[in-house]
Every structure is written in structure tokens, then in C-alpha cells.
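Reader: Could you walk me through this model feature by feature? I'd like the general idea each time, then the case at hand.

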Amino acid sequence: MSILPILLWPDPRLVETAVPVQEITPEIETLAADMLETMYAAPGRGLAAPQVGVMQRIFVMDAGWKEGKSDPLVCINPMLQEIGEERQVNDEGCLSIPGVTASVNRPAQVQMVWTGLNGGRYVQSFDGFAAACVQHELDHLDGVVTFDHLPADDRTALIAEYNAQ
């Protein structure tokens, strides 16, 4: 396994839409393992393939590992199947925008379907922080970054904070 370099905003690849994974190959398995190692080393709770320069629809996450509740997921070609009506505001960080935290309003509950490394199809509901994590990583697959969720004034202020580092 290897720790991969993480792209930093405003790298243009971070605003591209990732393409579906066509087949689970040994290369995809290695990518997933490397992404998990990279995520834990960063340290983060999620990492999408575009953040390491791979424009494919795969992300890894482990929403609870920092609290000792490790449950790593490798999500290939993920899609939201259901979105709850209740909303929540979370303070979100991003490995591609280090040092900046943004308050992002998202649905508090989502249900996602994805393919695992074993080729199986999975469906799971997520709520709270895990729901925000899922949506954040899905955003990366669609070329959306945290800044894109913010009102113009907040976005401008956070970009200035990021650039001042």
C-alpha cells in the first residue's frame, strides 16, 4: 500500500465529474487500499478518487474511526437512493482544502447504494455526521467542493482565509 498525494484546491481536476468504474480490477483494489491508507494518514474520514487525481467514481470513508468506531467503506459507483427531508448544518473540513472549515447545510439522512470491492451491491442508510460524509464524498465525484455550497460572502471569506495560509 502507498500513501497517495492529495490534490489541493484550486486544482482543476477537483471540479471535473468522475466516470463510472467499469470493472473491479486488481488496480481498483490497490487504489482502494491506497486511498484508505492515505485517508487515515491525512488524517481524514473520507477520500474520493478525484482528490488523488483518479477520475473514477470511487470513494472511501470511515466516519467513526476518530471516535474508536472504525467501519471502513469502499464505495464504487455510489448513488443516493433516498434523501430525507430534515436538514442539518455540519462544520466540514476537506483534505483538498486543508485548514478551512465550512458550515454546510445538508440533508440529515440519506440512503446510498453502491458496489463493494467484492462486486456485491450494498444499500445503507446514513444519518448525522455519516450522512454529511457520504454527501461530501459524492460531491467530489461530481466535481463539487465545499466552497460551492456556501453563500457568496461566506465563500469569498473562506477562500481568502485559505489563500492566507
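Author: What follows goes through the annotated sites, the pocket and cavity, the cores, and two single residues.

Author: First, some ground rules. This is a predicted model, where local features need pLDDT of at least 70 and side-chain atom pairs count only at pLDDT 80 or more, while totals for chains, interfaces and linings use all residues. Residues are numbered from 1 along each chain as its sequence is written, and side-chain values use heavy atoms, with hydrogens and water left out.

Reader: Fine. Where does UniProt place the feature "binding site"?

Author: UniProt positions are given in the numbering used here, with feature names shortened, and annotations may be inferred rather than shown by experiment. Here the unreviewed entry puts "binding site" at C94, H136 and H140. These residues span 47 residues in sequence, yet no two of their C-alpha atoms are more than 10.2 Å apart, so they gather at one spot.

Reader: Is C94 buried or exposed?

Author: Buried means under 20% relative accessible area, exposed means over 50%, and partly exposed is in between (1.4 Å probe, protein chains only). C94 has a relative accessible area of 10%, so it is buried. As for elements, helices (H or I, at least four residues) and strands (E, at least two) are DSSP runs, numbered from the N terminus. C94 sits in the loop between β4 and β5 (102-107).

Reader: And what does C94 touch, not counting residues up to four places away in sequence?

Author: Contact means heavy atoms within 4.5 Å. With residues up to four places away in sequence not counted, C94 touches Q51, V100, H136, H140 and T146. H136, from helix α2, is buried too, with a relative accessible area of 6%. Leaving aside neighbours within four places in sequence, H136 is in contact with E92, G93, C94, R106 and T146.

Reader: Which residue carries the feature "active site"?

Author: That's E137, again according to the unreviewed UniProt entry. E137 lies in helix α2, and at 3% relative accessibility E137 counts as buried. Setting aside neighbours within four places in sequence, its contacts are G46, L47, A48, Q51, F59 and V60.

Reader: Now the empty space. How do I read a pocket as opposed to a cavity?

Author: On a 1 Å grid over the protein atoms alone, a cavity is a set of points where a 1.4 Å probe fits but cannot get out; a pocket is an open set with protein on both sides within 12 Å along at least five of seven lines, and lining residues have an atom within 4 Å of a point. Grid points are joined across faces, edges and corners, and a volume is the space filled by probe spheres set on the points. The largest pocket has a volume of about 280 Å³. Of the 17 residues that line this pocket, R45, G46, G93, C94 and F129 are the closest to its centre. Helix α2 supplies the largest share of the lining, six residues.

Reader: What is the make-up of that lining by class?

Author: Ala, Val, Leu, Ile, Met, Phe, Trp, Tyr, Cys and Pro count as nonpolar, Asp, Glu, Lys and Arg as charged, and the others, Gly among them, as polar. The pocket lining has six nonpolar, six polar and five charged residues.

Reader: How many cavities of 30 Å³ or more does the structure hold?

Author: One. The largest cavity has a volume of about 30 Å³, and its lining is made of E92, G93, C94, I97, V100, T101, A102, T146 and F147. By class, that's five nonpolar, three polar and one charged.

Reader: On to the packing. Which residues touch the most other members in the largest nonpolar core?

Author: A nonpolar core is a set of buried Ala, Val, Leu, Ile, Met, Phe, Trp, Tyr and Cys residues joined through side-chain atoms within 4.5 Å. In the largest one, with 17 residues, F59, M61, M112, F126 and V134 touch the most other members. Two or more residues come from each of β2 (58-61), β3 (73-83), β6 (109-115) and α2 (128-141), and α2 gives the most, with six. Apart from this core lies another, of 15 residues, among them A49, I58, I76 and L95.

Reader: Last one: is E82 buried or partly exposed?

Author: E82, in strand β3, is partly exposed, with a relative accessible area of 45%. By contrast, N90 in strand β4 is buried at 14%.
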